[in-house]
Amino acid sequence: MKRNPFSTPFMTSLLCLLLGIQLSYAQGVVIQRSEDGRDGVKSYTSVVNFTTLEFKYKGDIKINDTDSDVTAISPGGFIKIEKTTFGNTRSIYLEGDSDGRIIREYFEGKSKVDYEPNGKRFLNDVLLEVIRAAGFDAEGRTQRIYARGGLESVLNEIDEIPSNRVMAIYYQAMFDKKGLSKEELKATVAHVGEAMSSNSEMGRLLRNNAALFMSDENLSIAFFKAVDQMSSNSEMGATLRHAMKGNLSPQAQIALLNTVNGMSSNSEMGATLRQFSEIQGLHGAASDAYFATIDGMSSNSEVGSVLRNLIKKQNLDAKTYARLFASVAQMSSNTEAGSVLRLAASRMPQSPAVYEGYFKALQSLTSNTETASVLESFISSHPLNEANAKAYFGTVRQMSSNSAMGQALRDVADKINNQKALVEDYNETVKRLSSSSEAGASLRSFIKHNHEEYSLVVALAAASYLSSNSEKGAVLSEAAPYIPKGQNKAREAYKTTANSLSSDSEYRRAMQALE
């Protein structure tokens, strides 16, 4: 008597125990396990209540149109199927020989029994479950099912398949099918998002077919909605970055960005947004979706990296810069926000709307050091004029460090150019300094570069607020050479400030300098 190539029911139960399987009949399905073994042999085990189904197979296996029989096995290939119910075991062994024939053997328990009729009946009973679990002839079955009942029948069949790996084979067969309509493609990819539970299998399937969907706006939107169903941030990110390699329509961009916005990993969101800015353009609603996604991120370092990358890779217009600065204003890290603003200063257009957003973002910083650094970067790339001066000096007045305020003032002393509005803003800001030394240094720097009478009058008036006689005297000495006898207003302002000195020696020195 030829021995059954399968193990005994006892060995099957022992194998389950070794695999850490706890039988819980009240739950129905206890285990569904598939493995790829050596030499191309694949195995599958399913335990449902008191029934165990196991099979192993190798090679290419073809099925008839009714899913009731095996019609071909490649030479050297085989399939072994064993089913045990309440301790009663039946099994079948099919092997393909070199002549293209199939060797068929059937067993009940350990006893070999004639294949006809019980073996044939047994194969018919279990084959559909085996087909669905193993994916035998999946491409051929997909075409046959579609021919009989259309896409709905194919998707219904996929719902019966327990393995995501096998489901992917059926989906791929549909994506490869010639003549499939756009509506059918949309329905298929939507089903992928709803039915597949394996992120890795789903990601691989979608990446392999991304080009098919990116060629059409509606298809690409359906594709991104499917990606949105994934629970793995890494798979979502990898799939989105793979899909965006070509130019997307604005609506497709929005669908992609909405998917990114649903991710919980800042690093994956950042990586995807950085690639987006390198490949795609920002226009209209897509720009709004892009920044809304950035605003949803909780990592300042990732937000900063994304915004800096955007500035470097895109030639942004004034409106986009204004929106970018709104995102900067929401950041809680002074260093990251400052880094973005310093980079933007060298690239952004000279526009009132841009300046408004820029300084609003800058004024959200709480670090004097970062604020001063950003102001220095700004003034090195932009002229100080009526479009930005009020915002510049308004930012300086918000600072709490006298040294940082003084440095920010001295940095622009040579850029005032005796413009009345700027002269007033500069000197009003000097008055906010509580340090006489910083205020005095700022006024002396101002006077060196602004010699017109009006400028001198305003600066001398500001000097009268200094509490230090030495600093006040130093400012007067700086101004004296620029005040000729004909400048009556300047001379009057000079004398008024000199009279506020409480030191006789400083007063005499100041008046001698004027003469």
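**Exercise 1. A salt bridge between two helices**

Glu302 forms a salt bridge with Arg274 in this predicted model; find how far apart the closest N and O atoms are, and state which helices the two residues belong to.

*Solution.* The first step is to look at the atoms themselves, where the closest N and O atoms of Glu302 and Arg274 are 2.9 Å apart. The second step is to place each residue: Glu302 lies in helix 13, which spans residues 300–313, while Arg274 lies in helix 11, which spans residues 266–279, so the pair ties together parts that are 28 residues apart in sequence. As a last step, turning to accessibility, one finds that Glu302 is buried and that Arg274 is buried as well. As general background, side chains of opposite charge can pair when their charged atoms come close.

**Exercise 2. Two further salt bridges**

Determine which elements are tied together by the salt bridge of Asp295 with Arg323 and by that of Arg444 with Glu471, and decide for each of the four residues whether the residue is buried or partly exposed.

*Solution.* Begin with Asp295 and Arg323, whose closest N and O atoms are 2.7 Å apart in their salt bridge. Asp295 lies in helix 12 (residues 284–295) and Arg323 in helix 14 (residues 318–329), so this pair links parts that are 28 residues apart in sequence. The relative accessible area of Asp295 is 24%, which makes Asp295 partly exposed, and Arg323, at 23% relative accessibility, also counts as partly exposed.

Next, take Arg444 and Glu471, whose side chains meet in a salt bridge of 2.9 Å from N to O. Because Arg444 lies in helix 21 (residues 436–449) and Glu471 in helix 23 (residues 469–479), the pair ties together parts that are 27 residues apart in sequence. Here Arg444 counts as partly exposed at 22% relative accessibility, whereas Glu471 is buried, with a relative accessible area of 16%.

Finally, salt bridges can also share partners, and in this way Asp60, Lys62, Asp65, Asp137 and Arg144 are joined into one network.

**Exercise 3. The surroundings of strand 6**

Work out which strands are joined to strand 6 by bridges, and explain why strand 6 is described as largely enclosed.

*Solution.* Start with strand 3 (residues 51–58), which is joined to strand 6 by 8 bridges, the two running antiparallel; within this pairing, Glu82 of strand 6 is the bridge partner of Glu54. Then move to strand 7 (residues 88–96), which is likewise joined to strand 6 by 8 bridges in an antiparallel arrangement, and where Ser91 stands opposite Glu82. Strands 6 and 7 form a hairpin with 2 residues between them, and Phe86 in the turn has a positive phi of about 50 degrees. For the last step, count the buried residues of strand 6 (residues 78–85): 6 of the 8 are buried, so the strand is largely enclosed by the rest of the structure.

**Exercise 4. Helix 2 and the loop that follows**

Establish where Leu123 and Gly135 lie, whether each is buried or exposed, and which residues are in contact with them beyond their neighbours within four places in sequence.

*Solution.* Leu123 lies in helix 2 and, at 1% relative accessibility, counts as buried, because the cut-off for that word is under 20%. Leaving aside neighbours within four places in sequence, the contacts of Leu123 include Ile81, Ile92, Leu94 and Tyr115. The C-alpha atoms of Leu123 and Asp67 are separated by 9.9 Å, although these residues are 56 residues apart along the chain.

Gly135, for its part, is placed in the loop between helix 2 (115–134) and helix 3 (138–159), and at 12% relative accessibility Gly135 also counts as buried. With neighbours within four places in sequence set aside, Gly135 is in contact with Val130 and Val166. From Gly135 to Ala421 the distance is 79 Å, C-alpha to C-alpha, and the two are 286 residues apart in sequence.

**Exercise 5. The contacts of Arg241**

Identify the residue whose side chain is joined to that of Arg241 by a polar contact, and describe the setting of Arg241.

*Solution.* Arg241 lies in helix 9, made up of residues 233–243, and is buried, with a relative accessible area of 19%. Leaving aside neighbours within four places in sequence, Arg241 is in contact with Glu268, Ala271, Thr272 and Gln275. The side chain sought is that of Thr272, which is joined to the side chain of Arg241 by a polar contact of 3.1 Å.

Methods:
Residues numbered from 1 in each chain as written. Predicted model: local features only at pLDDT ≥ 70, side-chain atom pairs only at ≥ 80, totals over all residues. Heavy atoms only, no water. Helix = DSSP H or I, 4+ residues; strand = E, 2+ residues; numbered from the N terminus. Buried < 20%, exposed > 50% of the residue type's maximum accessible area, 1.4 Å probe, protein only. Polar contact = N/O pair within 3.5 Å; in protein donor to acceptor, adjacent residues only side chain to side chain. Contact = heavy atoms within 4.5 Å. Pairing = 2+ DSSP bridges. Salt bridge = Lys/Arg side-chain N within 4 Å of Asp/Glu carboxyl O.
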